[in-house]
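Open your viewer and get ready to select a few residues at a time. This tour goes from stop to stop, and each one tells you what to pick and what is there.

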Amino acid sequence: MRVMFSPEVLASRIAELGPEIRSAFGPGPITAVCVLKGSVLFAADLVRAIPGDVRLEFLGVSSYEGTESTGHVRITHDLRSSIQGQNCLIIEDIVDTGLTLHYMLAQLRAREPSLLRVATLLDKPSRRTVDVSADFIGFEIPDAFVVGYGLDLDERFRNLPYVAIYEPAVDG
Ligand code: IMP
C-alpha cells in the first residue's frame, strides 16, 4: 500500500472545498447526494465543511467488480425524497471512465432540480470514455487503482483513513 493522500492532506483540501462550494451555490439550501458506498467518508467530511443549510440524501449505484468497470450502471438505493426545484450537489468518490457519473446525471436531471453540480474527491481524467466532468475536484490523479477513505477493492480497505495506491503483489 503506497499512501497517496494522508488524512491531513485530505482534511486540508476538504476545508478548502467546503467554502468554495458554498460560494458557488449561494446562500440557500443545498441537497447533497452522497453516492453509496464509496463517497460516504468523503461526504461526511465535506458536508461538515460547507457552511449553512445542507441536507443529505443517499443514492446507491453499482458498476464495478474487482478493479474493472462492468459498464452496466444500476441504482441499488434510490433517493428518499424529490429533488425537483432544489439545488443539488452530487458527491462522488472518484470519476474514472465517467460512465457512472454520466448515468447519474441523466437520472437526476430528469427529476428537474434547479441546479445540479458534482463534487468528486478524485478525478482520473486519463481514463475517461464519456465526456463528463466534475465541478469541484479534490485531487486529479494518474491512472492507478486507489483504495481507502471509502474506496474499496471488493469491499476491502474502505476504512483506511488515507487514500493509497493498491499494490496486488504487496497487499494481496
Ligand atoms: P466510472 O464509472 O468508471 O467513472 O467509475 C466510477 C466508480 O468506480 C467510482 O464511483 C468507484 O466506485 C469506482 N472506481 C473507479 N476507480 C476506482 C479506483 O481506483 N479505486 C476504487 N474504486 C474505483
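Helices (H or I, at least four residues) and strands (E, at least two) are DSSP runs, numbered from the N terminus. With those labels you can place the first stop: Lys37 lies in the loop between strand E2 (30-36) and helix H2 (40-49). Keep in mind throughout that you are looking at a predicted model.

**Stop 1: the loop after E2**

Select Leu36 and Lys37 and show the backbone. The peptide bond joining Leu36 to Lys37 is cis, and its omega is near -10°.

Now move along to Ser39, which also sits in the loop between E2 and H2. Is Ser39 buried or exposed? Its relative accessibility is 0%, and buried means under 20%, so Ser39 counts as buried. Show what surrounds it: apart from neighbours within four places in sequence, Ser39 is in contact with Cys34, Ile91, Glu92 and Asp93. For a long-range partner, add Ala119 to the selection. Ser39 and Ala119 are 80 residues apart along the chain, yet their C-alpha atoms are separated by 10 Å.

**Stop 2: E2 and its partner**

Step back to the strand itself. Six of the seven residues of E2 are buried, so the rest of the structure largely encloses this strand. Colour E5 as well: E2 and E5 pair in the parallel sense, over four bridges. To see one matching position, pick Thr31, whose bridge partner in E5 is Cys88.

**Stop 3: the ligand**

Select the ligand and display the residues around it. There are 16 of them, and Asp93, Thr97, Gly98, Thr100 and Val146 come nearest. Colour this shell by class and you should find eight nonpolar, three polar and five charged residues.

Three polar approaches are worth a distance label:

- From Glu92, a polar side-chain atom lies 3.3 Å from an oxygen atom of the ligand.
- From Thr100, a polar side-chain atom lies 2.4 Å from an oxygen atom of the ligand.
- From Val146, a polar backbone atom is 2.6 Å from a nitrogen atom of the ligand.

Switch on a surface next. On its own the ligand exposes 490 Å², and the protein buries 92% of that. Which elements give two or more residues to the shell around the ligand? They are strand E5 (87-95) and helix H3 (99-109). E5 gives the most, with four residues. You have already met this strand as the parallel partner of E2.

**Stop 4: a three-stranded sheet**

Select E1, E9 and E8. These three strands form an open sheet in the order E1-E9-E8, with antiparallel pairing. At the edges are strand E1 (2-5) and strand E8 (146-147), each pairing on one side only. Zoom in on E1 and strand E9 (residues 163-165), which pair in the antiparallel sense over three bridges. A handy landmark is Phe5, which stands opposite Val163 in E9.

**Stop 5: the loop between E8 and E9**

Finish by following the chain from E8 towards E9. Tyr149, in the loop between these strands, has a positive phi of about 50° although it is not a glycine. At 6% relative accessibility, Tyr149 counts as buried.

Asp154 is found in the loop between E8 and E9 too, and it has a positive phi of about 45° without being a glycine. Its setting is another matter: Asp154 is exposed, with a relative accessible area of 53%.

Now select Asp152, again in the loop between E8 and E9. Asp152 is partly exposed, with a relative accessible area of 21%. What does the side chain of Asp152 reach at 2.7 Å? The answer is the backbone nitrogen of Glu155. The Asp152 side chain also makes a polar contact with the side chain of Arg158, at 3.4 Å. Beyond its neighbours within four places in sequence, Asp152 is in contact with Phe145, Val147 and Arg158. As a last measurement to try, draw a line from Asp152 to Tyr166: they are 14 residues apart in sequence and 9.7 Å apart in space, C-alpha to C-alpha.

Note on methods. Residues are numbered from 1 along each chain as its sequence is written. This is a predicted model: local features need pLDDT of at least 70, side-chain atom pairs count only at pLDDT 80 or more; totals for chains, interfaces and linings use all residues. Side-chain values use heavy atoms; hydrogens and water are left out. A residue is near a molecule or strand if one of its heavy atoms lies within 4 Å of it. A polar contact is a pair of N or O atoms within 3.5 Å; within protein, one must be able to donate a hydrogen and the other to accept it, and residues adjacent in sequence count only if both atoms are side-chain atoms. Accessible areas come from the Shrake-Rupley method with a 1.4 Å probe; for residues, only the protein chains shown count as cover. Ala, Val, Leu, Ile, Met, Phe, Trp, Tyr, Cys and Pro count as nonpolar, Asp, Glu, Lys and Arg as charged, and the others, Gly among them, as polar. Two strands pair if DSSP finds at least two bridges between them. Buried means under 20% relative accessible area, exposed over 50%, partly exposed in between (1.4 Å probe, protein chains only). Contact means heavy atoms within 4.5 Å.
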